[in-house]
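Me: Please take a close look at the metal site in this model, and then place that site in the wider setting of the chain. I would like the cut-offs behind each term as you go.

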Amino acid sequence: MARKSRWNPQVIEQPSPVLIDTWIYGRISSDQEKNADSVDNQIALATEYIATKPDLVLRGAFRDDGYSGTRFDRPDYIKMVAGIVSGEVRCVVVKDLSRLGRDYIEVGELLFKTFVQYDVRFISINDYYDSADEDARRKRLIILFKNLVNHMYSRNTGKQVRSAYASKQRRGEPIGNKPPYGYVYEGKGAARKLVIEPQGAEIVRLMFNMRAEGKSIHEITCCMNRNKIPSPCNHYYNLGLSKNDKYAVWRPWDGTTIRREILQNEVYIGNLALGKTEVRDGKNHRKPREEWIIHPNNHPAIVDRASFDTVQQLLAEASERYKKHGNHFEENIFAGKVFCSCCGRAAVRSIQRRKTVADKFDYYCTNCHAELRHALGKGKIARFPLEAMEKIIYTELRTRIDTCLDMGSLLDQVSRSETFTANRTMFLTERRRLEQALVQAEDLLSSAYIDHLFDVLDTREFELARTKFESDRNAAEAALEHNRQELDRCGLDDIRKNECLMACRRFADFDRLDRGIVAALVKRIEITPMCREISVELAFRDGFAELERLVSERGAMANVG
Ligand SMILES: [Zn+2]
């Protein structure tokens with residue numbers, strides 16, 4: 001029987017995969033995080049993942065419950081590293097990189113050195129990172145950046161959007177040019193002048209009289225509200241100066257308006273003060289009185305000078321008493337930073353004196369409280385406790401500072417990395433070459449001109465030479481500009497100059513809030529009228545955005561390198 005020649009492929013047996021001893025690492029830092037991301041959840045997720053990988057054998061889990069990612073003396077973390085060194089742990093699986101730690105430098109060491117040195121496979125599920133993948137080497141740095149960026153975004157975005165919205169609302173308020181209470185405008189443009197509006201003027205006089213007789217601002221406010229005297233917004237509506245129908249309904253007075261806008265306003269003795277405020281950092285600030293421009297006897301007075309002075313005297317004394325009384329007040333670390341999210345006015349700090357325990361401080365908006373009380377009927381309306389505010393601001397600042405410090409050291413590290421150092425050397429060499437080319441083009445241009453002067457070159461030849469050398473010179477200048485930008489991108493300058501980072505580094509070790517850190521790092525705090533919510537806008541928003549940009553940009557560059 002003829003042998004049939006047949007193609008006899010060598011049977012390649014599917015080699016049974018080398019099984020790798022795999023461990024899960026789970027960590028959670030605090031109770032707050034617990035609900036969303038418990039260690040059990042992390043381990044369940046990783047177990048499911050491992051089940052889909054035929055070459056991984058689950059040997060166990062390390063779990064650090066209640067340990068911050070910034071510490072590396074976590075018990076199970078130490079066990080894990082020991083397991084890696086002894087060869088027992090061949091593969092580590094985490095839910096995401098931040099489980100390993102929040103110190104990105106330390107985690108980088110682990111990723112780049114320890115895992116590599118001991119040939120340990122590392123998988124971060126949510127980062128789609130598996131060190132056994134072919135492009136893993138390239139992806140190492142980028143996942144570090146990704147985690148950092150994600151971490152920052154998740155912490156910050158919500159708040160910034162909310163505060164931007166709030167400030168738009170404030171800007172959107174109709175800012176009519178309304179006359180002071182008790183006056184109306186007559187005439188237009190430069191001829192416009194203030195004339196007395198009798199009804200309003202009567203109210204103004206009444207207030208001055210009451211205060212001069214020793215009634216307090218509080219008593220005056222109550223009296224106005226009891227008698228349903230039109231407050232400024234109702235008054236303007238009644239006069240047809242405000243078209244918003246919500247002001248058709250009577251709204252209560254608040255003490256600040258009575259004190260600041262009526263009793264302390266020298267418009268009522270006939271003086272017109274201009275330039276009382278200035279816009280700084282996009283906000284209105286009240287300037288000291290010496291800087292105002294005052295036009296005396298500009299219009300008819302409602303109150304005589306003597307009564308006005310008496311009232312000022314009484315107000316000053318009351319304020320002095322308040323300050324003295326306040327000697328044992330705690331320092332107001334949030335002074336000038338807390339505002340109402342509804343009306344935009346400064347929120348007031350109040351004190352509840354208590355005999356046996358420490359006094360309690362709260363914040364609330366006097367203006368909105370008056371309205372709320374009126375709308376809801378009498379009753380206790382919440383105030384925002386100082387203690388809670390301090391906790392929230394502390395956490396915000398700690399997070400901001402930690403994030404910035406992380407970004408700063410990561411950027412430093414990347415900028416000193418081989419890729420960047422090599423790039424820098426390359427661009428510096430390039431710069432020297434371009435500078436020489438520039439000098440040369442200019443030399444040639446001037447010698448062509450001299451040659452032309454001495455008739456060595458005729459006009460046509462000179463024009464030709466000039467065109468060429470000028471275009472050489474322009475090309476060198478453009479290339480130098482580009483080179484400068486490239487050098488900036490791989491230098492340390494914009495990191496060192498970043499004011500957000502500088503400020504955060506200055507307060508790196510802060511452990512309690514004080515006036516200094518709040519003044520430097522908090523821009524604005526807003527509480528809602530019902531005091532249920534708070535939003536915080538931190539300072540150096542641009543500097544922080546710049547840092548984020550640098551992190552993404554350099555992360556991308558490091559990845560390319
Ligand atoms: Zn308010």
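Reply: Of the 561 residues of the chain, 40% count as buried, where buried means under 20% relative accessible area, exposed means over 50% and partly exposed lies in between, with a 1.4 Å probe and protein chains only. This is a predicted model, in which local features need pLDDT of at least 70 and side-chain atom pairs count only at pLDDT 80 or more, while totals for chains, interfaces and linings use all residues. Residues are numbered from 1 along each chain as its sequence is written, and side-chain values use heavy atoms, with hydrogens and water left out.

The zinc ion is coordinated by the SG atoms of C340, C343, C365 and C368, at 2.2 to 2.3 Å; donors are N, O and S atoms within 2.8 Å of the metal (3.2 Å for Na, K and Ca), and sites may look incomplete, since water is not among the atoms. The arrangement is tetrahedral because the four donor atoms subtend angles of 99 to 119 degrees around the zinc ion. Four donors count as tetrahedral if all angles lie between 85 and 135 degrees. For comparison, the ideal angle for four tetrahedral donors at a metal is 109.5 degrees.

Along the sequence, the donor residues of the zinc ion follow the spacing C-x2-C-x21-C-x2-C. The pair C340 and C368 links distant parts of the chain, with C340 in strand β12 (residues 338-340) and C368 in helix α12 (residues 366-376), 28 residues apart. Helices (H or I, at least four residues) and strands (E, at least two) are DSSP runs, numbered from the N terminus. Both C340 and C368 are buried.

Turning to the wider setting, the secondary structure of the chain comes to 19 helices and 17 strands. Among the contacts in the chain with a separation of 6 or more, 68% are between residues 24 or more positions apart, a contact being heavy atoms within 4.5 Å.

One helix pair can be described in detail: α7 (residues 198-212) and α10 (residues 255-263) pack at an angle of about 105 degrees, with their axes 11 Å apart. Here the axes are lines fitted to C-alpha atoms, for helices over the stretch in contact, and angles run from 0 to 180 degrees between N-to-C directions. The two helices α7 and α10 are therefore roughly perpendicular to each other, a label that covers angles of 65 to 115 degrees. On the α7 side V204, M207, F208 and R211 meet I258, I262 and L263 in α10.

Two further buried residues lie in helices. D412 is found in helix α13 (residues 386-415) and counts as buried at 17% relative accessibility; leaving out residues up to four places away in sequence, D412 touches L492, I495 and R505. N483 is found in helix α15 (residues 459-489) and is buried, with a relative accessible area of 3%. Apart from its neighbours within four places in sequence, N483 is in contact with F427, E430, R431 and L434.

Finally, the backbone deserves a check. Most residues other than glycine have a negative phi. N297, however, has a positive phi near 45 degrees, in the loop between β11 (293-295) and α11 (305-325), and is exposed, with a relative accessible area of 67%. F540 likewise has a positive phi, near 60 degrees, in the loop between β17 (534-538) and α19 (541-560), and counts as partly exposed at 24% relative accessibility.

How values were computed. Tetrahedral: all angles 85-135°; square planar, octahedral: opposite > 155°, others 65-115°. Parallel < 35°, antiparallel > 145°, perpendicular 65-115°, else oblique.
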